[in-house]
Amino acid sequence: MIQKKILVIDDERDIRDNIQRILTAAGYFVQTADTLRNAIKILVEQPSFDLITCDVMIPAAGGFELIEEIKSDKKYAHIPVLMITGMDIDVLQATQHAADAVLTKPFTAAELQNKVKSLLS
């Protein structure tokens with residue numbers, strides 16, 4: 001079985017590390033980025049991700065802008081995006097910005113795994 005690749009984008013190290021730990025333990029290959037610039041660099045170098053998780057509040061550019069940029073590029077538009085947020089946003093607002101699903105902080109490992117599994121199936 002081929003290991004699915006996930007790019008985790010979050011500026012908060014603890015959250016980024018926690019997501020990476022949970023998803024790695026679930027059998028996924030996880031790479032992380034803390035800024036928009038780093039995320040784009042990783043995508044250019046390795047465009048074969050199966051899923052992207054993205055925090056809404058990223059310095060220099062918000063998660064909405066990053067998701068719209070990813071989804072507007074033909075090379076990456078097929079990659080599902082899970083928006084992760086501590087903000088009070090609704091699914092409609094997030095999906096209007098091209099996110100495929102939303103997960104609200106705080107979340108459990110099971111909630112994260114279920115969202116990821118759903119997006120990858």
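Me: The charged end of which residue sits over the ring of Phe49?
Reply: Good place to start, and keep in mind that this is a predicted model. A charge counts as sitting over a ring only if, among other conditions, it is within 6 Å of the ring centre. Here the distance to the centre of the Phe49 ring is 4.8 Å, and the charged end belongs to Lys5.

Me: Which helix or strand supplies the largest share of the largest nonpolar core?
Reply: This core has 21 residues, and Leu7, Ile9 and Leu43 are among those that touch the most other members. At least two residues each come from β1, α2, β3, α3 and β4. The largest share is 4 residues, and they come from α3.

Me: How many residues are in the second, separate core?
Reply: In soluble globular proteins, nonpolar side chains tend to be buried together. Here a second core stands apart, with Leu82, Ile84, Phe107 and Leu119 included in it. Its size is 17 residues.

Me: Within what arc do the buried residues of α2 fall?
Reply: Let's look at α2, where Ala39, Ile42 and Leu43 are buried. On the face turned away from that buried side are the exposed residues Arg37, Lys41, Val44 and Glu45. Looking down the helix axis, the buried residues line one face of α2, because they fall within an arc of 100°.

Me: Leaving aside neighbours within four places in sequence, which residues is Leu43 in contact with?
Reply: Leu43 is one of the buried residues of α2. Once neighbours within four places in sequence are set aside, its contacts are Leu7, Phe49, Ile52, Ile70, Tyr76 and Ile79.

Note on methods. Residues are numbered from 1 along each chain as its sequence is written. This is a predicted model: local features need pLDDT of at least 70, side-chain atom pairs count only at pLDDT 80 or more; totals for chains, interfaces and linings use all residues. Side-chain values use heavy atoms; hydrogens and water are left out. A nonpolar core is a set of buried Ala, Val, Leu, Ile, Met, Phe, Trp, Tyr and Cys residues joined through side-chain atoms within 4.5 Å. Buried means under 20% relative accessible area, exposed over 50%, partly exposed in between (1.4 Å probe, protein chains only). Contact means heavy atoms within 4.5 Å. The arc is that of the directions from the helix axis to the C-beta atoms. A charge sits over a ring if NZ of Lys or CZ of Arg is within 6 Å of the ring centre and within 35 degrees of the ring normal.
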